[in-house]
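Visitor: I am new to this structure. Please give me a close look at its hollow spaces, and go on from there to the contacts between side chains.

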Amino acid sequence: MSSLTDSSAWRALVEHSKSMPSVHMQTLFDADPQRAAKFRCEATGILLDYSKNRVTEETFNLLLALARSAGLEDWRARMFNADTINHTEARAVLHVALRNRSDSPLMLNGEDIMPAVRKVQAKMRDFSQAVRQGSWRGYNGKPIKDIVNIGIGGSDLGPRMVCEALKPYARADLRTHFVSNIDGDHIQDTLSLCEPSTTLFIVSSKSFSTQETLNNALAARAWFLGNGGSEIEIRKHFVAVTTNAKAATEFGIDSDSLFDMWDWVGGRFSLWSAIGLPIALSVGMEEFDALLAGAYAMDQHFCNAPLTDNLPVILGLLGVWYNNFLGFDTLAVLPYVQHLEHFPGYLQQGDMESNGKRIDRNGNEVDYQTGPIIWGSTGTNAQHAFFQLMHQGTKPIPADFILVRDSHSDLANQQRMLLANGLAQMEALMRGKTADTVAQELSEKGVSAEECERLSPYMVFEGNKPTNALLMDKLTPERLGALIALYEHKIFVQGIIWNINSFDQWGVEYGKQLAKNTLNALNGELEAAKGFSASTKSLIDALKSE
């Protein structure tokens with residue numbers, strides 16, 4: 001038994017949880033007319049209604065006690081004070097420094113890192129303005145029309161998600177594309193939409209050696225050189241975000257076109273850095289600054305609000321409650337906002353790469369569940385895909401519904417229909433439908449008593465399915481920044497409670513190592529397949545056969 005599961009705070013929650021499966025949320029609402037007002041919190045333009053959860057005030061008091069016993073407030077201070085909380089890689093965790101809007105210094109190893117952050121942001125501003133205003137031109141003197149970001153993981157998912165989310169703020173005559181997959185169809189299909197003389201490539205790789213990114217960059221380089229470009233003109237069409245200046249300049253990228261990164265920024269938290277260059281190019285640096293400002297506002301809320309009124313803390317505790325005490329091991333993220341189409345996918349990396357760990361900070365194997373499975377899609381599409389499982393399946397699935405009051409479109413009626421659907425689904429998941437209600441509805445339609453009895457089991461909804469509602473007035477850069485930071489800090493809260501390091505990702509490395517040998521084997525080097533299972537060897541043979 002671990003120190004966590006043996007703690008009095010944990011054991012109190014285990015005991016409390018025994019009585020909760022039989023409690024229906026509708027009963028909780030009936031018993032307390034003020035429940036909706038009690039279980040809501042608002043900050044940075046985001047309203048969180050968490051009243052439709054299988055929790056009572058006692059539940060939350062016990063969860064808060066667990067958070068405090070884990071030292072959440074101390075760990076929070078340590079992160080913002082640049083302590084080395086990523087102990088397995090001996091690094092501080094300072095993505096929050098990238099959106100720091102204050103004039104206060106942030107010291108790391110005796111040095112204020114904020115001047116270096118501001119310098120890169122100024123360089124992003126100058127470069128994005130030059131491209132957007134047309135003073136940075138291609139080799140034939142024409143302005144840039146297409147931006148192709150080449151990266152993978154955090155160098156792709158974050159900027160791609162934000163560019164899609166902020167599409168209403170983008171320049172129509174400056175298209176942004178993202179290439180991540182090593183599948184040749186991805187880079188080839190993208191290049192087919194572009195012209196070499198008016199295309200700018202951003203190679204985003206901290207090491208400038210990530211296999212997928214480097215090979216896609218080389219393919220883009222070959223396409224450029226084979227379609228009118230020259231070696232000397234590469235500097236007009238390729239820039240890089242990297243820490244490996246030597247490799248980037250050997251590729252042909254001008255040293256003045258390199259944007260710095262730091263090892264204290266994890267990939268999945270890097271969209272706030274120069275990895276966000278595609279965002280600045282797409283929507284302009286002013287809107288990128290607004291994105292940073294929204295995240296900073298959420299940082300300040302997370303740091304200063306009491307735990308009882310703290311949005312990331314509340315979401316984090318709810319996740320721990322379901323994952324560890326009620327056995328609900330997935331979370332559906334459901335944006336009722338088409339421009340947030342890529343948000344669930346972005347959160348999959350942010351959450352599952354951070355908290356998908358089985359070893360705690362002390363090097364011991366845990367005896368409790370850690371990170372949940374994150375999945376989801378946009379409403380109302382999701383309603384016609386997997387909501388059947390959510391309503392009547394055997395798996396209880398907590399869900400976050402994200403809604404905005406005002407759309408960027410001028411189709412007000414459709415926006416009201418969208419919101420009506422989101423609100424109705426949350427109500428239906430909570431309320432359910434009893435056999436008596438089904439019988440009454442069928443009877444009113446003239447269905448016989450015998451047929452009612454036959455159909456009733458298929459039409460009953462158990463209900464009592466938990467949901468959170470996150471409401472915003474409009475999806476602006478500032479609101480989006482706050483929303484992203486909210487989920488980042490929620491992930492942090494859960495990692496602290498589970499006593500794991502949320503900021504390393506050793507689990508992604510092993511497969512990469514083996515891929516080098518499997519590639520050599522596919523290229524005909526028989527020795528490379530030594531040590532592989534018979535299954536993998538047979539698959540290699542099948543793929544090599546003509």
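Guide: What follows starts with the pockets, moves to the largest cavity, and ends with polar contacts and salt bridges.

This is a predicted model, in which local features need pLDDT of at least 70 and side-chain atom pairs count only at pLDDT 80 or more, while totals for chains, interfaces and linings use all residues. Residues are numbered from 1 along each chain as its sequence is written, and side-chain values use heavy atoms, with hydrogens and water left out.

Some terms come before the spaces themselves. The search runs on a 1 Å grid over the protein atoms alone: a cavity is a set of points where a 1.4 Å probe fits but cannot get out, a pocket is an open set with protein on both sides within 12 Å along at least five of seven lines, and lining residues have an atom within 4 Å of a point. Points are joined across faces, edges and corners, and a volume is the space filled by probe spheres set on them. Helices (H or I, at least four residues) and strands (E, at least two) are DSSP runs numbered from the N terminus.

The largest pocket holds about 1100 Å³ of space. Its lining has 43 residues, and those nearest the centre are Thr 210, Gln 505, Val 508, Glu 509 and Lys 512. Four helices give two or more residues each to this lining: H7 (154-165), H9 (211-225), H15 (343-355) and H21 (509-522). H21 gives the most, six residues. By type, the lining of the largest pocket has 14 nonpolar, 18 polar and 11 charged residues. Here nonpolar covers Ala, Val, Leu, Ile, Met, Phe, Trp, Tyr, Cys and Pro, charged covers Asp, Glu, Lys and Arg, and the others, Gly among them, are polar.

The second largest pocket has about 440 Å³ of space. It is lined by 21 residues, with Gln 338, Ser 407, Ser 409, Gln 415 and Leu 418 nearest its centre. Strand S12 (399-406) and helix H17 (412-431) are the elements that give two or more residues to this lining, and H17 gives the most, with five. Seven residues of the lining of the second largest pocket are nonpolar, 12 are polar and two are charged.

Enclosed spaces come next. The structure holds five cavities of 30 Å³ or more. The largest cavity has a volume of about 150 Å³. Of its 16 lining residues, Leu 318, Gly 319, Leu 331, Pro 398 and Lys 490 are the closest to its centre. Helix H14 (311-326), strand S10 (330-335) and helix H20 (477-497) each supply at least two residues of this lining, and H14 has the largest share, five residues.

Lys 490 leads on to Asp 400, which is found in strand S12. Asp 400 is buried but has no salt bridge, and Lys 490, its nearest side chain of opposite charge, is 4.7 Å away. Buried means under 20% relative accessible area, exposed over 50%, and partly exposed in between (1.4 Å probe, protein chains only). Lys and Arg count as positive and Asp and Glu as negative, without His and the chain ends. A salt bridge is a side-chain nitrogen of Lys or Arg within 4 Å of a carboxyl oxygen of Asp or Glu. The side chain of Asp 400 does make a polar contact, at 2.8 Å, with the side chain of Tyr 487. A polar contact is a pair of N or O atoms within 3.5 Å; within protein, one must be able to donate a hydrogen and the other to accept it, and residues adjacent in sequence count only if both atoms are side-chain atoms.

Salt bridges number 25 in the structure. One is in helix H17, where Glu 427 and Arg 431 lie four residues apart, about one turn of the helix; their closest N and O atoms are 2.8 Å apart. Glu 427 is partly exposed at 26% relative accessibility, and Arg 431 is partly exposed at 49%.

Another salt bridge joins the side chains of Arg 235 and Asp 254 (3.1 Å, N to O). This pair links distant parts of the chain, with Arg 235 in helix H10 (residues 234-237) and Asp 254, 19 residues apart from it, in the loop between helix H11 (245-251) and strand S9 (258-259). Arg 235 is partly exposed, at 38%, whereas Asp 254 counts as buried at 19%.
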